[in-house]
Amino acid sequence: AIIDEDTYDTAQDLLQENRRRRMEGCASSTLLGGLLVCGKCGAKYGKCKTGTKKYGYKYHYGCFSRSKKIPAAVKDPSCRNKYYDIAKLDDAITEQIKQLALDPAYFQTLKQPDDAPQIKAIKQQLKTINAQLSRFLDLYGTGRFSINDLDAKTQPLTEQREQLQKELDRLQASRRHISNDQAIQLAEAFDAATFEEKQIIIKQLIDKIIINDDDINIYWNFI
């Protein structure tokens, strides 16, 4: 077998889900559909049509905020994140996947990008709250706060910190994760896979791809 049983079963589950979504008219017609995220406004990237009837249309990956293709998906109507040629971006990502199969040492060169914007924002909020709590404790220690003053100031912050920590734990736990060996097995199977199977393999290997103009950050599932 090219891939182990657990990986195969997971891939089959995703395949079934992909078929169900297609039947409902929601399946992606591109390799990277569902994985691309705008690094400027946080909206999804997807297949977009540019051009005019007179000069012809071209299809690109584009931020839904910029393309206005799906009104409900718009996060920032003024977003101007760049469009990407579908074939070129597909090739850029699949070349990295193929490299995983060709060179095991390639794993050592990969670094996970900074935390996703939502996780990063929560961490910053926690840092601010901890600084506030520390300052209030210092004021109590110098006698400028009574115990009642301290409770009144710190209790809401402590409750907020607990909620934020729970949300952070949930977000971090929800990240899929596979081993390096599983990643290699999936990468080795990539070339011989059908288009639909390649979609599934990519989703097994990659959690998301964040685009910020020329910066393309891949969030791998095995790092």
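A patch of negative charge on the surface is formed by Glu 5, Asp 6, Asp 9 and Asp 13, where a patch comprises residues with over 30% relative accessible area and no salt bridge, like charges being joined within 9 Å and nonpolar side chains (Val, Leu, Ile, Met, Phe, Trp, Tyr) within 5 Å. For this purpose Asp and Glu count as negative and Lys and Arg as positive, with His and the chain ends not counted, and the place of a charge is taken as CG of Asp, CD of Glu, NZ of Lys or CZ of Arg. The model is predicted, so that local features need pLDDT of at least 70 and side-chain atom pairs count only at pLDDT 80 or more, whereas totals for chains, interfaces and linings use all residues. Residues are numbered from 1 along each chain as its sequence is written, and side-chain values use heavy atoms, with hydrogens and water left out.

Within the patch, Asp 6 lies in helix 1 (residues 5-23), helices (H or I, at least four residues) and strands (E, at least two) being DSSP runs numbered from the N terminus. Asp 6 counts as exposed because its relative accessibility is 58%, the classes being buried under 20% relative accessible area, exposed over 50% and partly exposed in between; the areas come from the Shrake-Rupley method with a 1.4 Å probe, and for residues only the protein chains shown count as cover.

Overall, the protein has seven helices and six strands, which follow the pattern α-β-β-β-α-β-α-α-α-α-α-β-β when read along the sequence. Of its 223 residues, 37% count as buried.

The largest nonpolar core (a set of buried Ala, Val, Leu, Ile, Met, Phe, Trp, Tyr and Cys residues joined through side-chain atoms within 4.5 Å) holds 37 residues, of which Leu 32, Leu 205, Ile 206, Trp 220 and Phe 222 touch the most other members. Two or more residues are given to this core by each of strand 1 (36-38), strand 3 (56-63), helix 3 (86-102), helix 6 (180-190), helix 7 (195-205), strand 5 (206-212) and strand 6 (215-220), and helix 6 gives the most, with six residues. Helix 7 is largely enclosed by the rest of the structure, because eight of its eleven residues are buried; these are Glu 196, Gln 199, Ile 200, Ile 201, Ile 202, Lys 203, Gln 204 and Leu 205.

The structure holds five salt bridges, each defined as a side-chain nitrogen of Lys or Arg within 4 Å of a carboxyl oxygen of Asp or Glu. One of them joins Asp 213 to Lys 40, with the closest N and O atoms 3.1 Å apart. This pair links distant parts of the chain, since Asp 213 is in the loop between strand 5 and strand 6 and Lys 40 in the loop between strand 1 and strand 2 (45-52), 173 residues apart. Asp 213 is partly exposed, at a relative accessible area of 29%, and Lys 40 likewise counts as partly exposed, at 44%.

A further salt bridge joins Lys 98 to Asp 191, the closest N and O atoms being 3.6 Å apart; here Lys 98 of helix 3 and Asp 191 of the loop between helix 6 and helix 7 are 93 residues apart. Lys 98 is partly exposed, with a relative accessible area of 26%, whereas Asp 191 is exposed, with 53%. Glu 95, Lys 98 and Asp 191 are linked in a network of salt bridges.

Conventions:
Buried means under 20% relative accessible area, exposed over 50%, partly exposed in between (1.4 Å probe, protein chains only).
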